[in-house]
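New to this one? Take a look at the sequence and the model below, and then let's walk through how the parts fit together.

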Amino acid sequence: MLDYHRLGRLPAKHHIQFKRSKADMTDGCPVYYEHCITRKGFDGAYSIAYRKNNPARELDAKPAKLASAFEPAAADAVGPVRRHHLRSPGVAGKGTLWESLRLLMGNDDVRIGTSQPTVADSGLVQDGDADLLLFFHEGSGRLDSELGSLAFRRHDYLFIPRGLVHRVVFDKPGKGALPPHVLWMECRSGLEIPSNFRHPNGQFAMDAPYSHRDFRRPTALSKPTPGDGHAQGKVKLLHKRNDAYSWRTLPHHPFDVVGFDGTNYPFAFNVHDYQPKTGLVHLPPPIHTTFLGGKGSFVVCSFVPRKVDYHPQSIPCPYPHSSIECDEMLWYVEGDFASRRGVGPASLSLHPAGIPHAPQPGRYEASFGAERTDELAVMVDTFKPLRLTKHAMGCDDPDYHRSWMGAGSKGTYTD
Ligand SMILES: [Fe+2]
């Protein structure tokens with residue numbers, strides 16, 4: 001997805017004998033096992049890893065059940081079409097990153113939820129259904145994976161390619177820091193860098209909202225963690241495929257890679273490294289585009305603190321608009337949300353297609369003369385309708401839809 005990256009030891013060419021050292025001998029095979037991890041069959045991005053163990057070895061598989069399953073709410077529970085405001089802290093789960101996940105909405109292309117883990121270590125997991133894009137509203141830590149480790153921090157996006165065996169380990173919150181809180185985007189149709197951000201040679205264009213330097217790639221190969229069970233020859237791995245969870249048991253640790261290269265690997269990008277654009281007059285939401293769902297099925301946008309429009313008669317807050325083919329999810333991170341009734345950090349709103357978007361009362365005129373906004377938010381616009389889940393209806397604010405009728409003041413500039 002990004003550029004070519006390599007770590008560790010590699011043979012000179014693909015698919016040739018790579019003799020292993022005595023210390024790495026695990027069986028009678030004199031060479032490392034070459035493991036090709038490919039996308040779009042064999043026609044997409046790929047990485048090639050070199051392992052100490054045959055990756056196909058497995059001891060056992062058993063069903064597992066997690067509350068994070070996607071359960072759309074019944075139509076009569078959702079009710080008529082309207083705007084929704086979900087108070088995501090109200091559906092907090094417990095346990096690991098995955099156990100505490102509460103999916104709130106989704107379609108065939110993307111599912112969106114929130115996770116507030118109370119256990120620092122996710123354990124070994126693998127999502128066979130989707131690329132994961134996590135946004136760390138709060139929390140920092142480290143991703144370990146078959147394809148290396150990297151540190152993540154507050155307000156990072158973390159991309160984990162589908163099928164990658166990984167674990168997420170959170171730091172203990174420091175003084176004044178809040179416990180981990182994660183916006184979860186399960187990108188079932190995939191996730192891409194928009195092609196208009198790249199030159200034909202793959203390099204990001206100079207007017208793209210980020211450069212290659214802004215992305216953080218794995219910096220070291222991951223090692224087995226004590227307690228993973230590898231000393232006993234039984235390593236448990238939580239696996240999701242076709243929305244069913246399984247516990248797989250491996251006789252060796254999957255972090256046995258001595259080197260890899262390719263373009264399919266995890267990365268992190270901090271939202272504060274996003275370079276916003278400002279115009280003479282208000283520019284439309286695509287200027288905030290950060291990532292694209294597969295085949296253009298959805299967009300992920302970053303609204304970051306920025307200067308606003310500079311025409312002397314500009315109206316910095318968004319013009320009323322109807323993006324009539326998109327449902328819009330907005331995750332509020334921080335900034336001035338005062339005019340959105342009841343909305344605060346980690347609030348999540350859903351505005352279905354067809355209902356016009358417009359400033360709340362008083363906000364339009366209050367924006368005249370404004371020079372900057374300090375708000376921070378993540379938006380996902382989807383072309384297929386988003387279905388709300390039972391968890392969503394458990395934290396739904398029934399008054400939000402009517403809040404455009406009341407008195408307001410200045411507020412958000414998000415679209
Ligand atoms: Fe909008």
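## A small starting point: one open sheet

What is the order of the strands in the open sheet of four strands? Keep in mind that you're looking at a predicted model. The order is β1-β19-β3-β2, and the pairing is antiparallel. At the edges sit β1 (5-8) and β2 (33-38), each of which pairs on one side only. From one strand to the next, the twist averages 15 degrees.

You can zoom in on one of those pairings. Strand β1 runs antiparallel to β19 (residues 257-262), and four bridges link the two. Pick out R6, for example, and you'll find its bridge partner, D261, in β19.

## Two domains and where they meet

Now step back. The chain splits into domain 1, covering 61-219 + 262-270, and domain 2, covering 272-405. Their C-alpha centres are 20 Å apart. Where they touch, domain 1 puts in 46 residues and domain 2 puts in 45 residues.

On the domain 1 side, the elements giving two or more residues include α1 (75-78), β5 (84-87), β6 (101-106), β7 (110-115) and β14 (181-187). The top contributor on that side is β6, with five residues. Sorted by class, this side of domain 1 has 25 nonpolar, twelve polar and nine charged residues.

## Following β7

Since β7 is on that list, it's worth a visit. Is this strand mostly covered or mostly open? Mostly covered: six of its six residues are buried. V110, I112 and T114 point one way, while R111, G113 and S115 point the other way, and all are buried.

On to its neighbours. A hairpin takes the chain from β6 to β7 through three residues, and the two strands run antiparallel with five bridges between them. One of the pairs is G106 with R111 in β7. Strand β7 also pairs with β14, again antiparallel, over six bridges; here I112 has M185 as its bridge partner.

## The shared core

M185 turns up again in the largest nonpolar core, which has 81 residues. Along with L133, L158, M329, W331 and A377, M185 touches the most other members. Both domains feed this core, with at least three residues from each.

For a closer look, try L133. Leaving aside residues up to four places away in sequence, L133 touches Y157, F159, M185, C187, L191, F291 and V300.

Methods
Residues are numbered from 1 along each chain as its sequence is written. This is a predicted model: local features need pLDDT of at least 70, side-chain atom pairs count only at pLDDT 80 or more; totals for chains, interfaces and linings use all residues. Domain bounds come from an automatic or database domain assignment. Two residues are in contact if their C-beta atoms, placed from the backbone, lie within 7 Å. Ala, Val, Leu, Ile, Met, Phe, Trp, Tyr, Cys and Pro count as nonpolar, Asp, Glu, Lys and Arg as charged, and the others, Gly among them, as polar. A nonpolar core is a set of buried Ala, Val, Leu, Ile, Met, Phe, Trp, Tyr and Cys residues joined through C-beta atoms within 7 Å. A residue is buried if 20 or more other C-beta atoms lie within 10 Å of its own, exposed if 12 or fewer, and partly exposed in between; C-beta atoms are placed from the backbone. Two strands pair if DSSP finds at least two bridges between them. Axes are lines fitted to C-alpha atoms, for helices over the stretch in contact, and angles run from 0 to 180 degrees between N-to-C directions.
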